[in-house]
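Hi,

Here is the structure I promised to pass on. Have a look at it first, and then read my notes below.

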Amino acid sequence: MKILLVTGRLAEPIVRRYASESRLKAEVVALPFAVAALMTSRYIASHLKSRDVKGFGLVMVPGLVKGDVSTISEEVGIQTFKGPRYAADLPSVLNLLSEDKIRLSTTIPACDLIREQLSRIALESIREAEANREELLKRPGNMKIGNLAVGRDFPARVLAEIVDTPKMLDEEIRRRAIYYAESGADIIDIGMIAGLSQPKDVFRAVKIVKSAVDLPVSIDSLDPAEIESAVSAGADLILSLDGGNLDAVTRFASHIPAVVIPTDFRRSLFPKEAAAKVQLLEQNFERARRAGFTKLIADPILDPLIHPGSVESILAAERFRRLHPDELMMLGVGNAIELLDADTPGANAVFAGISAELEVSILLTTEVSDKARGSVAELSKLSDMMFLARRRNSAPKDLGLDLLILKEKRRKDELFNQNLLSEVSSVKAEEVGRSGSDPKGCFKILLDRSSSEIVLLHYTRPDLEKPDLIIRGDNAAAVYKTAVQKNLLSSLEHAAYLGAEVTKAEIALKLGRSYVQDSPIF
């Protein structure tokens, strides 16, 4: 089937370039219109009718063309559909078309159909595992924690720690639990303060979290009194058993799933070498089994990078996995992430990928520092990605899910025709100061992170303490358009300034970066 790709003059070079990268060959026709996205169905139809388009079985027009393009089919007599919004997506669309894996639409851009299709396939694969959980739980390497299925046949579960809960008020604990649940956490962890025994605070925190979210709750403590209090309050998982507390905890908690770590705090044993870690982990595991624990999860303890170093921890995990292929494992990636001054999405992706290779079932993380904010949501998506990659036996790429935030798989820039510089006069932009105040007033721009909104305060004079109007919105366009509608601007320069600043505020809000008016984000 011959395919005709319709575009405008400016986009023709880039459309030809990307069309040539696909397996399915297509011809490109550039209509005498500069910006392809502004062409109408009527305009396209009238020009195609005047050309020789016999022999073509399908016409693909730019995805940004507005409305239903079925009128082109009726006028020209050839099936016409919307292509992708951006030329960079043409190879993917044409390749899927050649494999009969996409049904194009006259109303929805093809790039949206690809995303929806790949995402749907990905989510169906994950839902399939959850739907078959009762059968899968019969297999070795799986167990239930509360009502949550955990193990090698499911995506790694994200365990989100509420750090230092005894220092928090009830409402703070409740809000943090809800935030973690909405971010995709599968288990909420009650983090205690090492060296202090505060069983009453444990009981309080477990009850609050249980009432706030419908998720399993774990207790993160080595103190037997705190663990006993958590179990009596309904905790579903113990973090952790070691050589020093195992005997005491056995009295009241052998029926609860528990994480075992390669330490003995009473004897000050904290091995760092892989072989020593595995040896002590196996000893503690065997003691716990003899004591009556039936649901155990191994945690080799992931140390931070460089010092003391993550490699020995990963080698210990790999060695334990080879020796005990059916035992469940947990890795605390949050500790390594918190002690790394780098953006978390990529760092979490690497640790999640390593964990998937090791068939780790639980990923523990925290969001203590501002730089780690979002780690729970990131690991939630990454666990699904790595699960899909394992099922497909592929690299974690082109899965229908991704964690691309600041970067993208393909750039979608429209190419600048350098020849225009010799044909049209050009001016080099220079930064100049603002020419003066606006008689209609000034603005103070802030962020309200609790509601994820941009807040625009309008003052009729800069010396006033209180604004006369507050505009709130979750996107820059809504905020500055409201300011225009309220007649709060009298100059183009002030309007341009406001648009630039609230756009900076929106970017800062989305990326979790600081926003200070008149200062760069980066």
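**Barrel strands and salt bridges**

Valine 259 stands opposite isoleucine 297 in S12. That is a good place to start, as these strands, S11 (residues 258–260) and S12 (residues 296–298), run parallel and are joined by 3 bridges. Bear in mind throughout that this is a predicted model.

Zooming out, S11 and S12 belong to a closed barrel of 8 strands, which goes S7-S8-S9-S10-S11-S12-S13-S14 with parallel pairing. From one strand to the next, the twist averages 30°.

Now for the helices that lie across these strands. H11 lies across S11 and S12, and also across strand S10 (237–241). Its direction is about 175° to S12. Elsewhere in the barrel, helix H7 (residues 170–183) lies across strand S7 (157–162) and strand S8 (187–191). The angle between H7 and S7 is about 160°.

On to the charged side chains. How many salt bridges does a search of the whole structure find? The count comes to 33. Here are some that caught my eye.

One of them takes us back to H11: arginine 289 pairs with glutamate 327, with 2.9 Å between the closest N and O atoms. Arginine 289 sits in helix H11 (residues 274–290), while glutamate 327 is in the loop between helix H12 (311–323) and strand S13 (328–332). The two are 38 residues apart, so this pair links distant parts of the chain. As for its surroundings, arginine 289 is partly exposed, at a relative accessible area of 32%.

Further along the chain, arginine 472 is worth a click, as it turns up in two of these contacts. Its side chain meets that of aspartate 448 in a salt bridge at 2.7 Å, N to O. Aspartate 448 lies in strand S15 (residues 442–448) and arginine 472 in strand S17 (residues 469–473), so the salt bridge ties together parts 24 residues apart in sequence. Arginine 472 also forms a salt bridge with glutamate 453, at 2.8 Å, N to O. Glutamate 453 is in strand S16 (residues 453–459), and this pair again links distant parts of the chain, 19 residues apart. Is arginine 472 buried or partly exposed? It counts as partly exposed, with 43% relative accessibility.

Finally, take a look at Arg23, Glu99 and Lys101, which are linked in a network of salt bridges.

Cheers

Notes. Residues numbered from 1 in each chain as written. Predicted model: local features only at pLDDT ≥ 70, side-chain atom pairs only at ≥ 80, totals over all residues. Heavy atoms only, no water. Salt bridge = Lys/Arg side-chain N within 4 Å of Asp/Glu carboxyl O. Helix = DSSP H or I, 4+ residues; strand = E, 2+ residues; numbered from the N terminus. Buried < 20%, exposed > 50% of the residue type's maximum accessible area, 1.4 Å probe, protein only. Pairing = 2+ DSSP bridges. Axes fitted to C-alpha atoms, helices over the stretch in contact; angles between N-to-C directions. Contact = heavy atoms within 4.5 Å.
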